[in-house]
Amino acid sequence: QVQLDESGGGLVQAGGSLRLSCVASGRTFTTYTVAWFRQAPGKEREFVAAINWTGTGTYADSVKGRFTISRDNAKNTWYLEMNNLKPEDTGQYLCAARGGTTRSLADVGSFGSWGQGTQVTVSS
């Protein structure tokens with residue numbers, strides 16, 4: 001099982017930017033996908049973005065054009081660059097990983113490894 005550790009969250013004003021980091025320890029899968037989810041109090045966990053081992057990125061419609069997911073394989077680190085943040089982006093951001101599968105990226109249960117999360121709060 002891969003251990004994941006997120007960082008980079010904080011309090012920002014609407015329109016601002018943050019970059020989240022997800023560091024993986026232990027051995028990663030040969031074929032894998034790393035994704036970011038977010039969860040606000042009282043709401044379901046929501047898919048945000050994902051990148052697979054080939055570098056293919058996928059984004060939720062709500063963040064498309066504003067967020068960018070990337071990776072640094074040498075550092076076992078994945079990033080989520082968040083620009084033009086909105087109050088509705090507020091939530092606990094979680095990094096997750098899974099092996100190769102055709103299951104939907106929005107399927108929370110398809111991800112076997114999760115970080116503890118980092119809080120992102122966007123004020124107006």
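In this predicted model, the structure contains 5 aromatic pairs. One of these pairs is formed by Tyr 32 and Trp 78, whose rings meet edge-to-face, with 5.7 Å from centre to centre and 90° between the planes. The two residues belong to distant parts of the chain, 46 residues apart: Tyr 32 is in strand 4 (residues 32-39), whereas Trp 78 is in strand 8 (residues 77-82).

Are these two residues buried or exposed? The table gives the result for each residue.

| Residue | Relative accessible area | State |
|---|---|---|
| Tyr 32 | 9% | buried |
| Trp 78 | 2% | buried |

Tyr 32 counts as buried because its relative accessible area of 9% is under 20%. The value of 2% for Trp 78 is also under 20%.

Other aromatic residues form a cluster, which consists of Phe 37, Phe 47, Phe 111 and Trp 114. One member of this cluster, Trp 114, also has a charged residue over its face: Arg 45 lies there, at 4.6 Å from the ring centre.

Strand 8 also takes part in an open sheet of 4 strands, arranged in the order 1-3-8-7 with antiparallel pairing. Strand 1 (3-7) and strand 7 (67-72) each have a single partner strand, so they stand at the edges and one side of each is left without a neighbour in the sheet. On average, neighbouring strands of this sheet are turned by 20° against each other, direction ignored.

Strands of a sheet pair through backbone hydrogen bonds, in either a parallel or an antiparallel arrangement. Strand 1 pairs with strand 3 (residues 18-25) in the antiparallel sense, over 5 bridges. Within this pairing, Asp 5 has Val 23 in strand 3 as its bridge partner.

Key
Residues numbered from 1 in each chain as written. Predicted model: local features only at pLDDT ≥ 70, side-chain atom pairs only at ≥ 80, totals over all residues. Heavy atoms only, no water. Phe/Tyr/Trp six-rings, centres within 6.5 Å; stacked < 30°, edge-to-face > 60°. Buried < 20%, exposed > 50% of the residue type's maximum accessible area, 1.4 Å probe, protein only. Lys NZ or Arg CZ within 6 Å of the ring centre and 35° of its normal. Pairing = 2+ DSSP bridges. Axes fitted to C-alpha atoms, helices over the stretch in contact; angles between N-to-C directions.
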